[in-house]
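Please open the model in a viewer and keep the sequence panel visible. The tour below proceeds by selections, each followed by a description of what is found there.

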Amino acid sequence: MKFTKELKDGRRGCINWMLKKAEPGLRDSTVFMAIHMLDKYLSTVKEEVSVDKLKKLRVTCLSISSKTEESNFPSHLWDDGPFSLLDNTEDMSLHKMESEVLEKLDWELCWITPWEFTDYCATKLSSKDYDKGINTIAHSPSVIAVAAVIVGFNLKIADMQYDLEPFNLLNITQGQVQSIVSEYQVEHAMSQGRQRRKGRPQRAPAF
Amino acid sequence: MFSGREVEWDASNRIWSWEKNIVYKGKCKDTGEDVAVKQIPYDSSKGKFEGIHPNLIREVTILRRLSPHQYIVQFHNTFCVNDNKRPLWNIVFEYLSCTLKQLIKQKLDPSNVKRLIYQILSGVAHCHSHSVIHRNLNSESILFEENSRRIKIAGFGLSRSCSIPFGVEEKFLKSYSPGVEAADISYQPPEFLLLSENYSLSSDMWSVGCIFAEMARGDVLFEANSCSVSQLSEIFSVLGTPTEADWAGVTSYIGWEEELEALDYNFTSKDLTLEALKAKVPALDVDGMDLLSQMLTYNPSERITAKKALDHAYFKNLDKTEL
């Protein structure tokens, strides 16, 4: 399926919706898994996905991921919450949608999202709050996480002087991280209209 | 792969049930191959249907990750049938007639114990390398295939994905619902019994230790008690009461009660603890005892990992070509 502008906007809308519904109560990893599930579904289907379908999909993905990831079932999302939207008909559309998504993904869920690593990496460097980025599927989750944290913390990107030593456990190389960091830098510079500020960017990038 | 239409089973041929989950012995219509069919009905307490049961999603997605593997039960398929206008999900596995528990009853000789625990550790290492905590390893969730003389780990109904990266400090561990109530209490690690919410792969290793001892002595190591406190005191009576020196933070778990403090099974040295364990499992040699004590270590972060256990001296004379 073509990744049109409508779909891109629709996807962004879904992600914003999921992030909003996840507050409060759901874990970050739950939302991340849902986003990844949505992406994987969209990359698998051949036919156009309507706006209406996207709305159903965002509920379905978040429902499946909270069922696998949360230890306390988020029933508040059902009791007249967003999940009941799909469930108030006799034809059990949530059940149908969940079956459709899971079968389309052949019951393979993405368990390891960059999210698992970002929390860990960020805590290793600082106790401060940090901003959150969104992933790509081109790199391994741990590398994306480290890159996001490095950019987010304004470490010395240009001079490549950041130290990967705190992340030894993750077994990643500087080259892997650098490729994402520089990708971000180019994009960031372009988005700033090539008027790069002297200071470092305030927010972590949206990967 | 089987579709729903290709499998048939007789409702009288139940092989296992727990709450509303039932496993039937069935047959594949085409090939005549025996299969096990597990049914998970949706239990909606509010009388409202809320999609597919979480346990089914967890179990199937975990099996999709782990199977096929020589020491993991073969997963065939999952399908949905209409049961009085409500969907009823089924999971189809390979059928194995013998559990490890039944095998233990027939008494295992030391070389078989070594071979089987090596297979179990290989299966557990496979789960762990795919970031799956089994959470309910016991002598009945491990099956035995008589033709190949191989064990197969089954019973993934309570399994969860674990914290990534591996080997991090406790504060980074994912939290789960405390003390997995459905799991067999005899095999539960002390952190489950103390109602810890943050645990990881090492919890499975305690259960593996209990299974190892059970195979070597022919009987359950820690007999099941009615509650977690009496289960803990059963463990303490063999391994000693843990102190903050053995396991930092042990007395601050919510499940830690004064009753336990008062027990004071005081084994002052490690040697004495080993003596007490040795008395329970006399059939194990020195290397076997060393491996067992590393699995039954109180502090979860000091417990041996499945991968490390496979390289333990206990297995040096095991013929790995005949596994």
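Begin by selecting helix α3 (residues 51–69) of chain A together with helix α1 (residues 54–66) of chain B, which pack at an angle of about 80° with their axes 8 Å apart. Because of this angle, α3(A) is roughly perpendicular to α1(B), a label given to angles of 65 to 115 degrees, while those under 35 degrees count as roughly parallel, those over 145 as roughly antiparallel and the rest as oblique. The axes are lines fitted to C-alpha atoms, for helices over the stretch in contact, and the angles run from 0 to 180 degrees between N-to-C directions. Helices (H or I, at least four residues) and strands (E, at least two) are DSSP runs numbered from the N terminus.

This is a predicted model, in which local features need pLDDT of at least 70 and side-chain atom pairs count only at pLDDT 80 or more, whereas totals for chains, interfaces and linings use all residues. Residues are numbered from 1 along each chain as its sequence is written, chains are lettered from A and ligands numbered from 1 in the order in which they are written, and side-chain values use heavy atoms, with hydrogens and water left out.

Which residues of α3(A) and α1(B) meet? Display I64(A), K67(A) and T68(A) on the one side, and P54(B), I57(B) and R58(B) on the other; contact means heavy atoms within 4.5 Å. These residues divide into three nonpolar, one polar and two charged. Here Ala, Val, Leu, Ile, Met, Phe, Trp, Tyr, Cys and Pro count as nonpolar, Asp, Glu, Lys and Arg as charged, and the others, Gly among them, as polar.

Keep I57(B) displayed and add G157(B): the two are 100 residues apart in sequence, yet 9.6 Å apart in space, C-alpha to C-alpha. G157(B) lies in the loop between β9 (150–153) and β10 (160–161) of chain B. Is G157(B) buried or exposed? With a relative accessibility of 17%, G157(B) counts as buried, the term for under 20% relative accessible area, with exposed meaning over 50% and partly exposed in between (1.4 Å probe, protein chains only). Leaving aside residues up to four places away in sequence, G157(B) touches K38(B), N55(B) and E59(B).

Next, select Q74(B), in the loop between α1 and β4 (75–83) of chain B. Q74(B) has a relative accessible area of 25% and is partly exposed. Beyond residues up to four places away in sequence, its contacts are S67(B), P68(B), V92(B), F93(B) and E94(B). The C-alpha atoms of Q74(B) and L96(B) are separated by 10.0 Å, with their positions 22 residues apart along the chain.

Now return to chain A and select helix α1 (residues 5–21) and helix α2 (residues 28–44), which pack at an angle of about 160° with their axes 10 Å apart. That angle makes α1(A) roughly antiparallel to α2(A). Show L7(A), R11(A), C14(A), I15(A), M18(A) and L19(A) of α1(A), which make the contact with V31(A), A34(A), I35(A), L38(A), D39(A) and L42(A) of α2(A). The residues of this contact comprise ten nonpolar, no polar and two charged.

Finally, view the chains as wholes. Chain A has seven helices and zero strands, and 50% of its 207 residues count as buried. Chain B has ten helices and ten strands, and buried residues make up 56% of its 323 residues.
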